[in-house]
Amino acid sequence: MKKTIRDIALNGRKVFLRCDFNVPLDDDRNITDDRRIQSAVPTIQYLMKEGACTIIASHLGRPKGNPDPQYSLAPVAVRLSELLGQEVQFVSEPEVTGPAAKKAAEELSPGAVLLLENVRFRPEETKNEASFSEELASLAEIFVNDAFGTAHRAHCSTAGVADYLPAVSGFLMEKEISFFENLLQSPAHPFTAVLGGSKVSDKIPLIENLLDKVDTILVGGGMAYTFLKARGCEIGTSLLDEESLGLASEIMEKAETAGVSFLIPKDSLCAPEFKNDSPSETFSSESMPEDMMGLDIGPETAEQYRQVIMDSATVVWNGPMGVFEMDSFAGGTRAVAQAMNDTQAVTVIGGGDSAAAVRKFDLEEGISHISTGGGASLEYLEGKVLPGVACLQDK
Ligand code: AMP
């Protein structure tokens with residue numbers, strides 16, 4: 001168990017809080033989705049209530065180590081002030097921790113909040129260079145990490161500062177860790193993993209790590225066709241990762257040995273072209289035409305996967321079942337999202353496309369946990385050590 005902000009004295013102390021405020025902006029630099037800012041609010045409010053002097057850092061976009069005004073956190077400061085109902089002081093300095101930031105941090109009063117400029121304006125940040133970690137740490141007495149979305153990166157503001165300051169988690173980080181630890185250490189059975197998306201090779205480490213933990217793996221999306229091909233099905237012009245064919249066979253053998261039920265689609269919704277308005281038809285996996293591609297799981301598969309999800313006690317989902325961005329091929333992903341919403345199981349969605357899908361279908365309500373970190377949750381489930389988590393003190 002990692003220490004959290006509940007475990008330490010905060011009153012009057014300077015806290016360096018790393019958030020993930022990497023929000024999408026439109027051409028006029030308006031925030032188009034403020035969910036990431038909202039999800040940090042409980043931690044910030046707690047720090048304010050406890051009388052901490054909160055100095056927040058985040059990255060935004062990829063400014064490539066240069067101060068690029070396009071990636072300034074200025075719009076975030078405005079939105080955060082609105083959400084907190086209190087002005088957030090914002091220091092926009094190209095060097096992030098320049099004289100103005102130092103002065104503002106020094107003079108910060110208990111309960112007040114200061115936002116620094118985009119940490120990726122400094123080239124040292126993503127290289128985790130000690131000099132910048134030390135500069136950031138010199139502003140505060142405690143490091144609170146609430147940026148789960150970047151916890152898989154060993155950067156100065158996500159991990160390096162912990163070399164100089166005692167490090168604990170914020171509430172969002174605590175919640176993420178608790179759901180993923182539960183999945184990996186003590187899931188209620190039957191435990192099902194639903195895996196989709198386009199690339200088989202991206203999901204191999206994940207499948208390997210889950211094989212001794214889950215009871216069932218449901219495979220959909222473009223990656224399913226490499227497994228179907230490995231089982232000897234003809235897949236027409238569907239996505240195929242030729243190089244992973246051998247690994248796909250190996251994985252299915254390992255699943256059998258481990259007693260894991262490894263399901264691949266019985267049928268697919270196919271079309272001649274990768275287009276929403278391409279005429280589509282359902283085919284069984286044994287009879288896919290050679291000039292068509294599978295762009296979604298078919299209705300029989302969707303029903304089978306729904307049943308498995310309904311009968312599970314724990315379900316984790318990573319990757320869409322089809323090209324859900326196109327309405328004509330969103331049905332399978334919608335069916336899985338609906339089942340995730342309807343089941344009594346503990347349900348966890350590993351961020352990224354699957355999270356976007358449940359939001360698109362407005363089915364977030366019944367999901368136990370939608371992770372805020374696509375890449376971080378994938379690495380967690382692969383069994384990797386996340387630097388932004390590992391650096392936190394144990395209880
Ligand atoms: P990934 O980035 O590997 O998680 O893959 C996500 C992408 O896979 C989404 O953009 C989907 O549109 C795409 N996808 C899902 N199913 C298929 C499919 N059957 N054929 C091609 N692309 C797919």
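**Domain contacts.** I looked up the contacts between the two domains in this predicted model and found that six residues of domain 1 touch 11 residues of domain 2. I noted the bounds as well: domain 1 covers residues 5-171, and domain 2 covers residues 178-381. I then took the separation of their C-alpha centres, which is 36 Å.

**Ligand surroundings.** I turned next to the ligand and listed the residues around it, 16 in number. Those that come nearest are Ser198, Gly222, Gly294, Glu325 and Asp353. I sorted this shell by class and obtained six nonpolar, six polar and four charged residues.

**Polar contacts of the ligand.** I checked which ligand atoms approach polar backbone atoms. For Ser198, I recorded a distance of 2.9 Å between its polar backbone atom and an oxygen atom of the ligand. For Gly222, the partner is a nitrogen atom of the ligand, at 3.1 Å from a polar backbone atom. For Gly294, I again found a ligand nitrogen, 2.9 Å from a polar backbone atom of this residue.

**Ligand coverage.** I computed how much of the ligand is covered: on its own the ligand has 500 Å² of accessible area, and the protein covers 80% of this.

**Pocket.** Finally, I asked which pocket the ligand occupies. The space that the ligand takes is the second largest pocket.

Note on methods:
Residues are numbered from 1 along each chain as its sequence is written. This is a predicted model: local features need pLDDT of at least 70, side-chain atom pairs count only at pLDDT 80 or more; totals for chains, interfaces and linings use all residues. Side-chain values use heavy atoms; hydrogens and water are left out. A residue is near a molecule or strand if one of its heavy atoms lies within 4 Å of it. A polar contact is a pair of N or O atoms within 3.5 Å; within protein, one must be able to donate a hydrogen and the other to accept it, and residues adjacent in sequence count only if both atoms are side-chain atoms. Accessible areas come from the Shrake-Rupley method with a 1.4 Å probe; for residues, only the protein chains shown count as cover. On a 1 Å grid over the protein atoms alone, a cavity is a set of points where a 1.4 Å probe fits but cannot get out, and a pocket is an open set with protein on both sides within 12 Å along at least five of seven lines; lining residues have an atom within 4 Å of a point. A molecule sits in a cavity or pocket if more than half of its atoms lie within 2 Å of its grid points. Ala, Val, Leu, Ile, Met, Phe, Trp, Tyr, Cys and Pro count as nonpolar, Asp, Glu, Lys and Arg as charged, and the others, Gly among them, as polar. Domain bounds come from an automatic or database domain assignment. Contact means heavy atoms within 4.5 Å.
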